[in-house]
Amino acid sequence: TTTTTTTTHHSLNCKGREVRRAYHLLCDGCHRELNVCAKCREPKPITAKIVTPEEEREAEARRVYELESMSERQRRKFFREQERAKRREERGEGEDGEESDEESSGESDGEEGRRRRRRGRRKAMR
């Protein structure tokens, strides 16, 4: 994951205070324009993979097979993760997007719900 800084720094190309990520030397606009790495300023190779319709069909068939072989629990987890990724993408965060405070503290709804149930059981036992 990429760490963001609390302050902005100068881009070495445009001299604007646009660099928000740790260890980066160029702002997002400059590194895209120059087609170089924002950290090391070395040229980036073009790695766009061309996928044929046949490969797409094979991948879809493989995915369907894997889903069918999963248990219900695994299948639900898979779909939850896909939904989270979709929401993150809609918000404009990439794979290295910052997590919300709730997620970064390590406390998920599941853990919090378990704690509430335990508290309820303790009260009922008294």
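Which residues gather in a patch of negative charge on the surface? I looked that up before anything else: the patch is made of Glu54, Glu55, Glu56 and Glu58.

**Ground rules**

I am working from a predicted model, where local features need pLDDT of at least 70, side-chain atom pairs count only at pLDDT 80 or more, and totals for chains, interfaces and linings use all residues. Residues are numbered from 1 along each chain as its sequence is written, and side-chain values use heavy atoms, with hydrogens and water left out.

**Entry: the negative patch**

My patch rule takes residues with over 30% relative accessible area and no salt bridge, joining like charges within 9 Å and nonpolar side chains (Val, Leu, Ile, Met, Phe, Trp, Tyr) within 5 Å. Lys and Arg count as positive, Asp and Glu as negative, and His and the chain ends are not counted. I place each charge at NZ of Lys, CZ of Arg, CG of Asp or CD of Glu. Accessible areas come from the Shrake-Rupley method with a 1.4 Å probe, and for residues only the protein chains shown count as cover.

I picked Glu58 from the patch and found it in helix H2. Its relative accessibility is 42%, so I log Glu58 as partly exposed. For these labels, buried means under 20% relative accessible area, exposed means over 50%, and partly exposed lies in between (1.4 Å probe, protein chains only).

**Entry: overall layout**

I counted five helices and two strands in the chain. Along the sequence they run β-β-α-α-α-α-α. Both kinds of element are DSSP runs numbered from the N terminus: helices are H or I with at least four residues, strands are E with at least two.

How much of the chain counts as buried? I get 10% of the 126 residues. The exposed area is about 11,200 Å², and carbon and sulfur atoms supply 47% of that.

I also checked contacts (heavy atoms within 4.5 Å). Among those with a separation of 6 or more, 7% are between residues 24 or more positions apart.

**Entry: salt bridges**

I require a side-chain nitrogen of Lys or Arg within 4 Å of a carboxyl oxygen of Asp or Glu. That rule gives four salt bridges.

One of them sits in helix H2 (residues 53-69), where Arg63 and Glu60 are three residues apart, about one turn of the helix. Their side chains meet at 3.7 Å, N to O. Arg63 comes out partly exposed because its relative accessibility is 33%. Glu60 gets the partly exposed label too, at 39%.

Then I moved to Glu72, which has a salt bridge to Arg75 at 3.0 Å, N to O. Why are Arg75 and Glu72 about one helical turn apart? They are three residues apart in helix H3, so about one turn separates them. Glu72 also forms a salt bridge with Arg76, with the closest N and O atoms 2.9 Å apart. Arg76 and Glu72 are four residues apart in H3, so again about one helical turn separates the pair. Shared partners join Glu72, Arg75 and Arg76 into one network of salt bridges.

Exposure of the three: Glu72 is partly exposed at 42%, Arg75 is partly exposed at 23%, and Arg76 is exposed at 53%.

**Entry: the positive patch**

I found a patch of positive charge on the surface too, made of Arg73, Lys77, Arg80, Arg84 and Arg87. I looked closer at Lys77, which is in helix H3 (residues 72-90). Is Lys77 exposed or partly exposed? At 44% relative accessibility, Lys77 counts as partly exposed.

**Entry: backbone oddments**

Lys15 has phi near 65°, a positive value in a residue other than glycine. I located Lys15 in the loop between strand S1 (4-10) and strand S2 (17-21). Lys15 has a relative accessible area of 56%, so I put it down as exposed.

Asn35 is not a glycine either, and its phi is positive at about 55°. Asn35 lies in the loop between H1 and H2. At 35% relative accessible area, Asn35 is partly exposed.

Last lookup: Arg32, in helix H1 (residues 28-34). Arg32 is exposed, with a relative accessible area of 59%. I checked its spacing to Lys44, twelve residues away along the chain, and the two C-alpha atoms are separated by 9.7 Å.
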